[in-house]
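Colleague: Got a minute to walk me through this model? I'd like to start with the helices.

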Amino acid sequence: MATLADQPVLELKGGETRLDPMIRNDPFPFYRALRRQDPVYYDPGLDLYLVTRYQDAITVLHDDATFSLEHGYQDRYGNGFIDEFAAIMERDGGGFIRDLAIDPPAHTRLRRLTEKAFTAHRVKDLEPRIRQIVVELVERMAERGYGDGIADIGGPLTARIICEQLGFDWSEVGTEKVAVWTKAVLDQIGRMQTREDMLENARVMCELQNYIIRYIDAREAEPREDMISDLVHARLDDGANPTLSREEKIATVRGFLIAGNDTTATAIANLLLVLATNPGLADELAPQADNERVMMRFVEEVLRLQPPVHGLFRTAMKDTVLGGTPIPAMAQLCVLYASANDDDAKFPDPRRLDIERPNVGASLTFGSGIHKCVGLSLARMEIKVAAQEILRRLKDITLAVPQDQLTYQPTLASQTLERLPLTFARR
Ligand code: HEM
């Protein structure tokens with residue numbers, strides 16, 4: 001794997017933006033330059049501050065009174081058409097409902113209720129089913145000798161697992177529909193959609209919410225062994241408001257479907273990318289596929305090195321100073337988890353894959369603080385099982401296009417490969 005010393009040294013001239021397509025496809029040299037020269041950088045193209053150092057990221061993520069998630073995220077819905085969007089959702093989609101992206105104290109109650117769908121036993125019990133699906137997908141690819149890391153493994157695996165876990169009937173849903181639903185929701189909070197896009201995305205979101213409502217009604221009447229049943233019947237032992245409202249149920253199911261899908265698919269594709277671009281690594285790791293410790297560390301280190309989510313947003317609720325930079329009240333910040341993971345003050349020689357790194361688990365890939373990913377145990381399990389079965393079944397994993405031709409979806413928050421064409425042989 002390339003190390004820091006190999007990276008081009010980027011001199012900032014002023015006015016650079018994370019939106020620049022050159023930076024978008026390989027943002028790490030940009031992050032590195034910012035950490036050294038301007039660690040809390042005002043990005044003029046985005047009109048927000050990029051937080052690039054590990055320690056500053058921790059400060060923001062652990063001070064939710066000064067740095068609000070609710071304002072950084074909810075205000076973006078509809079990209080300038082929030083009222084029209086909300087009206088459509090109220091009329092046709094069961095409501096305009098926000099999810100866990102809220103501040104305490106409302107967040108504290110909602111988070112405790114939603115955690116009830118991620119009990120340790122539920123995730124552990126899932127392992128054989130995840131393995132069955134992974135083996136099916138990897139075997140299908142192994143037969144052909146070529147395939148796409150996203151379309152053939154990451155996408156179908158994660159969509160199917162989350163749908164099955166929620167309790168959806170997979171034969172009614174399928175990978176394609178999940179992709180369309182996911183895009184519609186993410187575009188609403190992305191910053192790029194036009195009014196026409198907003199109308200189409202609102203239509204698709206109504207379809208998704210109506211589908212969810214059908215399941216909520218069914219599981220309220222008759223619970224089963226699935227996450228929707230856990231959520232609709234979740235109850236806290238304390239507090240005045242111990243169960244989820246109907247709108248919160250819809251929002252939580254929608255949130256799980258969306259948050260757990262592209263992210264985990266991207267992580268699996270990134271793992272394949274790391275194997276394809278590090279000659280000898282797959283051969284070295286394949287004999288260790290049964291070693292849980294080695295596999296978990298490998299997965300953690302890939303997640304640190306290539307995190308699917310590069311950055312998410314907060315809003316400063318008052319004038320403050322971060323890393324020496326004054327931040328005015330109501331300014332937006334993007335906490336760059338990917339840059340924090342690459343900070344050599346925390347992770348020496350950060351572009352090097354090192355599964356024996358003592359602090360491999362300290363990465364910010366799943367965030368930190370009160371909003372730290374609620375689905376991380378499920379995600380880790382899916383990626384670990386994918387790693388094991390890929391290593392057991394495939395060898396000579398090679399990129400089928402030059403690495404500099406790989407392209408990423410035009411979103412700011414996530415670093416999502418559009419495709420990952422690979423060739424390989426059966427091991
Ligand atoms: C590799 C896969 C994943 C990555 C990289 C990831 C990343 C993240 C990050 C960075 C956050 C923090 C958000 C913030 O600070 O603003 C987060 C929160 C969240 N994630 Fe994940 N996630 C993954 C998989 C999943 C899965 C599988 C699920 C559910 C099935 C899920 C559900 C959520 C939810 C509901 C939140 C909001 C938590 C809160 O605000 O309290 N994620 N995730």
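Modeller: Sure. Helix 10 and helix 12 cross in a right-handed way. Right-handed means the near helix is turned clockwise from the far one by less than a right angle. Helices here are DSSP runs of H or I with at least four residues, strands are runs of E with at least two, and both are numbered from the N terminus.

Colleague: Is this predicted, and how do I count residues?

Modeller: This is a predicted model: local features need pLDDT of at least 70, side-chain atom pairs count only at pLDDT 80 or more, and totals for chains, interfaces and linings use all residues. Residues are numbered from 1 along each chain as its sequence is written.

Colleague: Which residues of helix 10 and helix 12 make the contact?

Modeller: Helix 10 gives Leu208, Gln209, Ile212, Ile213 and Ile216. Helix 12 gives Lys249, Ile250, Val253 and Arg254. Contact means C-beta atoms, placed from the backbone, within 7 Å.

Colleague: How do they divide into nonpolar, polar and charged?

Modeller: 6 nonpolar, 1 polar and 2 charged. Ala, Val, Leu, Ile, Met, Phe, Trp, Tyr, Cys and Pro count as nonpolar, Asp, Glu, Lys and Arg as charged, and the others, Gly among them, as polar.

Colleague: New topic. Which residues come nearest to the ligand?

Modeller: Ala259, Gly260, Gly367, Cys373 and Gly375, out of 26 around the ligand. A residue counts as near if its C-beta atom, placed from the backbone, lies within 6 Å. Helix 12, helix 13 (262-277) and helix 17 (376-393) each give two or more residues to this shell.

Colleague: And how does that shell divide?

Modeller: Into 17 nonpolar, 8 polar and 1 charged.

Colleague: Now the sheet. What is the strand order?

Modeller: 1-2-8-5-3, with 5 strands in an open sheet and mixed pairing. Strands pair if DSSP finds at least two bridges between them.

Colleague: Which strands stand at the edges?

Modeller: Strand 1 (40-43) and strand 3 (67-68). Each has a single partner strand, so one side of each is left without a neighbour in the sheet.

Colleague: How many bridges join strand 5 and strand 8?

Modeller: They pair in the antiparallel sense over 5 bridges. Arginine 314 has leucine 333 in strand 8 as its bridge partner.

Colleague: What about strand 1 and strand 2?

Modeller: Also antiparallel, over 4 bridges. Tyrosine 42 stands opposite tyrosine 49 in strand 2. Their hairpin has 4 residues between the strands, and aspartate 47 takes a positive phi near 55 degrees there.

Terms used: Two residues are in contact if their C-beta atoms, placed from the backbone, lie within 7 Å.
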